[in-house]
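Let's take a walk through a protein structure together, one piece at a time. Keep the sequence and the 3D view at hand, and look for each part as we come to it.

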Amino acid sequence: MRWMWIDTIVAYEPDRRLVAIKNVSLAEEHLHEHFAAEGDLPAQPVMPASLMIEGMAQTAGILAGSVRRFREKVVLAKIQKAEITADVVPGQCIRYDARIERVDPMGAGTSGTIERLDHRTGAWERIGETEIMFSHVDQNMSGLAFPEHNFVFSDSFRNVLRASGLGHLMD
Amino acid sequence: MVIARSEIESKVTEVLESALGADAEDITPTAILTEDLGAESIDFLDIQFQLEKKFSTPEKPFKIEQGELFPENMMSNPDFVKEGKFTDAGMAVLHERMPHVDLSGFDADRNVKGIAKLFTVKSLCDFIEIKLKK
């Protein structure tokens, strides 16, 4: 079982773009270990920035994997840039918008924007940007061998794809 | 398209600063990407992608094919690499595909683990210069 940091996929443009949503809930225990206080406001649980980067990595990783129909084992190889400028609190929603910059037999380069939705205003606000690279591990330069089955795109990923109406990508 | 060598060197330096977090003063022509500038295997792909962006123009995209700059696609081919060493056929392909790399001292060793050490800042600049002239 893999810990998924996206809830559903809401947009998919083949070989170009994939958008995923994460709803942040007060019931999530990990939020309570990450408090932030701004000015005179009381501290409140926030979504850890590191987990937002993981959410974007999962979004961009699915996009990178979809380019070759999940035949490659796509692993996070390098975070070139990750800027998150605001907190996300329970009741808000995170949108990960990932784009392919370049795909090569060795791997893929992606860019992404992170936005938050405050349900009271109904407005999306950009709060972060990422540049993440993925490696196709079977094509590694050192010639290392990995297990034949695709351990990256496990059932957790497949369930999200199926629930989002994208199960056909894995056929 | 002709670009002055100094401009090529300047752009390659920018790419290496970005991809490797290297200091400009350490990016000398003889600096080895791995040993001197700290490049790891994924950094080679990052460098390749960033060079493509840096030298592309709206009129002419600058695309580096797999195996053109670095010999990554040869490692798992038993015709080219046997028991961790480049075969005669592998060495012939290296000489043909990689005029930007100084292979003179590599013929005796041929160990795949040593190939990354052949890539210097100068070899990247030579690669760009040769490719832009094509």
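What radius of gyration would a compact globule of 134 residues have, and what does chain B have? Before answering, keep in mind that this is a predicted model. A compact globule with 134 residues would come out near 14 Å, and chain B has 15 Å, so the two agree. You can picture the C-alpha atoms of chain B inside a box of roughly 40 × 30 × 25 Å, taken along the principal axes.

What is chain B built from? Chain B holds four helices and two strands. Reading from the N terminus, you meet its elements in the order α-α-β-β-α-α. Of the 134 residues in chain B, 33% are buried. Now look at contacts in chain B between residues at least 6 apart in sequence: 52% of them join residues at least 24 apart.

Let's move over to chain A and its sheet. Strands of a sheet pair through backbone hydrogen bonds, and the pairing can be parallel or antiparallel. Here, six strands of chain A form an open sheet with antiparallel pairing, in the order β1-β2-β6-β7-β8-β5. At the edges lie β1 (8-13) and β5 (74-84) of chain A, each of which pairs on one side only. On average, neighbouring strands of this sheet are turned by 20 degrees against each other, direction ignored.

Try following the sheet inward from β5(A). This strand is joined by nine bridges to β8 of chain A (residues 123-136), and the two run antiparallel. To see how they line up, find A:V74, which stands opposite A:H136 in β8(A), and then A:K78, which stands opposite A:M133 in β8(A). A:M133 also has A:G109 standing opposite. That brings us to β7(A), which pairs with β8(A) in the antiparallel sense over twelve bridges. These two strands form a hairpin with four residues between them, and there A:G122 takes a positive phi near 75 degrees.

Next, find the helix that packs on this sheet: α1 (residues 49-67) of chain A touches β2 (17-23), β5, β6 (93-104), β7 (107-118) and β8 of chain A. The direction of α1(A) makes about 45 degrees with that of β6(A). Is α1(A) largely enclosed or largely open? Because 14 of its 19 residues are buried, α1(A) is largely enclosed by the rest of the structure. A residue counts as buried here if 20 or more other C-beta atoms lie within 10 Å of its own.

You can check the length of this helix too. At 1.5 Å a residue, the 19 residues of α1(A) should span 27 Å, and the end C-alpha atoms are indeed 27 Å apart, so the two values agree. After α1(A) comes A:R69, which has a positive phi near 55 degrees.

Finally, let's bring the two chains together. How many residues does each chain give to the contact? Chain A gives 15 residues and chain B gives 13 residues. On the side of chain A that touches chain B, β5, β6, β7 and β8 of chain A each supply at least two residues. The most comes from β5(A), with three residues. Sorted by character, the residues on this side of chain A are five nonpolar, seven polar and three charged.

Notes:
Residues are numbered from 1 along each chain as its sequence is written. Chains are lettered from A and ligands numbered from 1 in the order in which they are written. This is a predicted model: local features need pLDDT of at least 70, side-chain atom pairs count only at pLDDT 80 or more; totals for chains, interfaces and linings use all residues. Two strands pair if DSSP finds at least two bridges between them. Axes are lines fitted to C-alpha atoms, for helices over the stretch in contact, and angles run from 0 to 180 degrees between N-to-C directions. Two residues are in contact if their C-beta atoms, placed from the backbone, lie within 7 Å. Ala, Val, Leu, Ile, Met, Phe, Trp, Tyr, Cys and Pro count as nonpolar, Asp, Glu, Lys and Arg as charged, and the others, Gly among them, as polar. The expected span of a helix is 1.5 Å times one less than its number of residues. A residue is buried if 20 or more other C-beta atoms lie within 10 Å of its own, exposed if 12 or fewer, and partly exposed in between; C-beta atoms are placed from the backbone. The radius of gyration is taken over C-alpha atoms; the globule rule is 2.2 Å times the number of residues to the power 0.38.
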